[in-house]
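Trainee: I have a model open on my screen and would like a close look at a single part of it. Could you walk me through what surrounds that part as well?

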Amino acid sequence: MARVVVDVMLKPEILDPQGQAVQRALPRLGFSGIADVRQGKRFELELEGPVDEAALARIREAAETFLANTVIEDFTVRVEEK
Amino acid sequence: MTARIGVVTFPGSLDDRDAQRAVRLAGAEPVALWHRDKDLHQVDAVVLPGGFSYGDYLRCGAISRFSPVMDTVIEQAKSGLPVLGICNGFQVLCESHLLPGALTRNDSLHFVCRDQRLRIENTDTAWTSAYVPNAEITVPLKNGEGRFVADERTLDQLEAEGRVVARYLDVNPNGSYRDIAGISNAAGNVVGLMPHPEHAIEPLTGPGTEGLGFFASILKQLVSA
């Protein structure tokens with residue numbers, strides 16, 4: 001089976017309070033030098049058939065209509081080699 | 001004839017019975033609608049209640065937006081059916097693109113539960129006509145993802161067209177842009193509101209009865225229509 005990964009991130013202009021909370025915790029734990037943290041979502045989709053252009057087009061449509069809310073989020077679709 | 005107002009129950013809805021009770025106290029007949037049913041059973045208006053539809057997995061309201069009942073609600077809302085979305089219902093309306101913008105995690109990261117003062121800034125909508133312009137009311141608010149966001153152009157458009165229905169007073173509980181607590185679509189039949197007017201309809205169980213105006217408004221509109 002082939003795996004397609006959809007990464008969803010809040011758009012840069014949308015406040016990410018979860019990412020900020022993580023960033024504030026990092027120096028306390030001794031991890032210095034990290035200027036910013038943004039937290040996103042990763043979807044791993046296992047396909048039944050081949051990963052052809054038609055399958056990718058359907059996944060892009062799913063990402064755009066459902067997995068991401070494009071009002072506030074950006075997404076990327078990529079095939080993961082196994 | 002009594003106005004029939006549908007209240008949709010999704011898996012995880014928890015304020016559906018409160019909304020039904022508010023409808024009844026306002027003088028209308030509440031009709032329980034199930035999310036799997038495409039039929040709206042000839043209701044005159046629909047309330048999408050608060051709660052945590054489908055556990056709010058993925059994003060709040062994202063999965064319920066694809067419930068069969070929503071196909072019909074979306075279609076009929078576009079041709080004028082009055083729809084009020086409260087809290088999770090507001091999120092469902094944004095996910096359905098019946099209203100612009102989105103609701104995101106509170107800037108404090110805390111779940112907020114408080115009695116919230118609001119100003120009702122637009123009394124021309126189907127759901128706010130019973131209020132006097134700029135009425136200040138107190139209703140409960142309870143949300144973890146109630147922060148209204150939209151791009152600047154959308155915010156400017158909402159303000160210019162008078163579509164900011166309610167604004168937070170005293171405290172902005174969740175970091176909503178421009179203190180926005182509720183908005184409407186261009187036609188004014190679809191309203192989304194983050195605080196809970198259905199919890200302020202009886203003095204025994206709420207901070208007062210100032211939330212009843214939302215339900216009295218729709219009744220007034222339906223009776224005069």
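Is B:N134 buried, partly exposed or exposed, going by its relative accessibility?

Mentor: Happy to take you through it. Please keep in mind that this is a predicted model.

B:N134 counts as partly exposed, because its relative accessibility is 47%, and the cut-offs for that class are 20% and 50%. On the chain, B:N134 sits in the loop between β6 (112–120) and β7 (135–143) of chain B. The backbone there deserves a look too: B:N134 has a positive phi of about 65 degrees, although it is not a glycine. Most residues other than glycine have a negative phi.

Chain B has other places with a positive phi. B:Q42 is not a glycine either, yet its phi is positive, at about 55 degrees. You will find B:Q42 in the loop between β2 (29–34) and β3 (45–48) of chain B. With a relative accessible area of 67%, B:Q42 is exposed. B:H97 also takes a positive phi, of about 65 degrees, just after α3(B).

That brings us to the helix itself. Helix α3 (residues 88–95) of chain B has eight of its eight residues buried, so it is largely enclosed by the rest of the structure. If you want to click through them, they are B:N88, B:G89, B:F90, B:Q91, B:V92, B:L93, B:C94 and B:E95.

One of those residues, B:L93, is touched by B:V190. B:V190 belongs to strand β11 (residues 190–193) of chain B, and its relative accessible area is 0%, so it is buried. Setting aside residues up to four places away in sequence, B:V190 touches B:A77, B:V83, B:L93, B:L98, B:L99, B:I183, B:S184 and B:N185. Along the chain, B:V190 and B:L99 are 91 residues apart, while their C-alpha atoms are separated by 7.7 Å.

Another residue of α3(B), B:G89, gives you a distance to B:L169: the two are 80 residues apart along the chain, and their C-alpha atoms are separated by 22 Å. B:L169 is in the loop between β9 (164–168) and β10 (180–184) of chain B. At 9% relative accessibility, B:L169 counts as buried. This residue also leads us back towards the strands on either side of our starting loop. Not counting residues up to four places away in sequence, B:L169 touches B:Q116, B:R117, B:L118, B:R119 and B:E136. The loop of B:N134 lies between β6 (112–120) and β7 (135–143), so you can use those ranges to place each of these contacts.

The loop between β9 and β10 also holds B:S176. Its relative accessibility is 3%, so B:S176 counts as buried. Leaving aside neighbours within four places in sequence, B:S176 is in contact with B:G146, B:R147, B:F148 and B:Y168. The C-alpha atoms of B:S176 and B:T104 are separated by 8.8 Å, with their positions 72 residues apart along the chain.

Strand β2 of chain B offers a useful companion to B:N134, in the form of B:W34. B:W34 is partly exposed, with a relative accessible area of 47%. Apart from neighbours within four places in sequence, B:W34 is in contact with B:T9 and B:V69. B:T9 and B:W34 are 25 residues apart in sequence and 5.3 Å apart in space, C-alpha to C-alpha.

To finish, here is a helix pair. Helix α1 (residues 16–26) and helix α5 (residues 212–224), both of chain B, pack at an angle of about 60 degrees, with their axes 9 Å apart. That angle makes α1(B) oblique to α5(B), and the crossing is right-handed. On the α1(B) side, the contact is made by B:A19, B:A22, B:V23, B:L25 and B:A26, and on the α5(B) side by B:L212, B:F215, B:A216 and B:L219. By class, this contact has nine nonpolar, no polar and no charged residues.

Within α5(B), the buried residues include B:F215 and B:L219, along with B:G213, B:F214, B:S217, B:I218 and B:L222. The length of α5(B) can be checked too: at 1.5 Å a residue its 13 residues should span 18 Å, and the end C-alpha atoms are 18 Å apart, which agrees.

Notes:
Residues numbered from 1 in each chain as written. Chains lettered and ligands numbered in written order. Predicted model: local features only at pLDDT ≥ 70, side-chain atom pairs only at ≥ 80, totals over all residues. Heavy atoms only, no water. Axes fitted to C-alpha atoms, helices over the stretch in contact; angles between N-to-C directions. Helix = DSSP H or I, 4+ residues; strand = E, 2+ residues; numbered from the N terminus. Parallel < 35°, antiparallel > 145°, perpendicular 65-115°, else oblique. Left-handed = near helix turned anticlockwise from the far one by under 90°. Contact = heavy atoms within 4.5 Å. Nonpolar A, V, L, I, M, F, W, Y, C, P; charged D, E, K, R; others polar. Expected span 1.5 Å × (residues − 1). Buried < 20%, exposed > 50% of the residue type's maximum accessible area, 1.4 Å probe, protein only.
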